[in-house]
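Biologist: Please take a close look at one side chain in the strand region of this model and describe its surroundings. I would then like the account to extend outwards to the rings, the sheet, the loops and the cysteines.

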Amino acid sequence: MFNETISLSKECHPSGAVLPGVDSYCGIWIEAGSIKLGGVRFEAGDGIYLPPGDVIQPGKEGVNILRFAVSSSNSEEGRGDHLLLSKPVAGVSKKAVLRLDSVIFPPGAIAYLHVHPGPGIRYLTRGALDINSDGHVKTMRPGDCWFEDASSPVEATASKTETTQFVRAHILPLAFEGKPTIKYLRPADEEKPKLQENLRYFDKIIE
């Protein structure tokens, strides 16, 4: 088992910069602009895996990214990051799956009361989402982020007037590599229409 930290930072980098490698496992989601990694260009809306030590280069228009990082510390200072959220995670196996994905809700869609088998951070990119957890409801809007622990019951209701999307990084047990993680808690919800769509960017085994 390990006791690590999962964090989310929002970064803006100009053209010509070369981002130094760091000692964490990272999921990168491009909010605006583009980057090159290993000679391949990635653009806004893409999600990629960044292994420890690898570097990325912003495109000619610069780049805004979300960096979801799993590390043994928060000592990634000096890179101009704006740290949005950082949470310790414990009780995860030494070898696990880091998943980066996004969930898109059409207007009025509901993610009925459910749990996931691993902890993670979410960031709302558009729309609005009412998060009902432990009897408390909080409305998330673009730029808001939140942490959900493993097996934490949550129900999410999207805006009735616009499309809603969040980007998410999970730390998951190996058994869920390549598989859905959502588990509904009310039998009556199992047969209801599920309007939200999941876009998985990657699953990577980390140690």
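Modeller: A polar contact is a pair of N or O atoms within 3.5 Å; within protein, one atom must be able to donate a hydrogen and the other to accept it, and residues adjacent in sequence count only if both atoms are side-chain atoms. The side chain of histidine 170 makes such a contact with the side chain of arginine 122, at 3.0 Å. The model is predicted, with local features requiring pLDDT of at least 70 and side-chain atom pairs counted only at pLDDT 80 or more, while totals for chains, interfaces and linings use all residues. Residues are numbered from 1 along each chain as its sequence is written, and side-chain values use heavy atoms, with hydrogens and water left out.

Histidine 170 belongs to strand β14, where strands (E, at least two residues) are DSSP runs numbered from the N terminus. Its relative accessibility is 1%, so histidine 170 counts as buried; buried means under 20% relative accessible area, exposed over 50%, and partly exposed in between (1.4 Å probe, protein chains only). Leaving aside residues up to four places away in sequence, histidine 170 touches Val97, Leu98, Arg99, His116, Gly118, Pro119, Gly120, Arg122 and Thr181, contact meaning heavy atoms within 4.5 Å. Arg122 thus appears among these neighbours as well as being the polar partner.

The rings come next. Rings of Phe, Tyr and Trp (its six-membered ring) pair if their centres lie within 6.5 Å; planes under 30 degrees apart count as stacked, over 60 as edge-to-face and the rest as tilted. The count under this rule is three aromatic pairs. One of them joins tyrosine 49 to phenylalanine 202, edge-to-face, with 5.4 Å from centre to centre and 65 degrees between the planes. Tyrosine 49 is in strand β4 (residues 47-50) and phenylalanine 202 in strand β16 (residues 197-206), so this pair ties together parts that are 153 residues apart in sequence. Tyrosine 49 and phenylalanine 202 are both buried.

Strand β14 also takes part in a ring pair: the centres of the tryptophan 146 and phenylalanine 166 rings are 5.6 Å apart and the planes stand at 70 degrees, so this pair is edge-to-face. Tryptophan 146 comes from strand β12 (residues 145-148) and phenylalanine 166 from strand β14 (residues 164-172), and the pair links these distant parts of the chain, 20 residues apart. Both rings are withdrawn from solvent by the same criterion: tryptophan 146 counts as buried at 7% relative accessibility, and phenylalanine 166 counts as buried at 6%. Ring pairs join Phe105, Trp146 and Phe166 into a cluster.

A charge over a ring is found at tyrosine 184, where lysine 194 lies over the face at 4.8 Å from the ring centre; the criterion is NZ of Lys or CZ of Arg within 6 Å of the ring centre and within 35 degrees of the ring normal.

The sheet is described next. Two strands pair if DSSP finds at least two bridges between them. Five strands form an open sheet in the order β11-β10-β13-β8-β15, with antiparallel pairing. Strands β11 and β15 stand at the edges with a single partner strand each, so one side of each is left without a neighbour in the sheet. Strand β8 (residues 110-115) is joined to β13 by three bridges; isoleucine 110 has threonine 157 as its bridge partner in β13, and histidine 114 has valine 154. Two bridges join β8 to β15 (residues 183-184), again antiparallel, with valine 115 opposite lysine 183.

Two loop residues have an unusual backbone. Most residues other than glycine have a negative phi. Aspartate 134, not a glycine, has a positive phi of about 55 degrees; this residue lies in the loop between β10 (129-133) and β11 (136-140) and counts as exposed at 65% relative accessibility. Serine 151, also not a glycine, has a positive phi of about 60 degrees and is placed in the loop between β12 and β13 (154-158).

Finally, the cysteines. The structure holds zero disulfides, a disulfide being a pair of cysteine sulfur atoms within 2.5 Å. The sulfur of cysteine 12 is 15 Å from the closest cysteine sulfur, that of cysteine 145, which is too far for a bond. Cysteine 12 counts as exposed at 52% relative accessibility, whereas cysteine 145 is partly exposed, with a relative accessible area of 21%.

Definitions and conventions
Helices (H or I, at least four residues) and strands (E, at least two) are DSSP runs, numbered from the N terminus.
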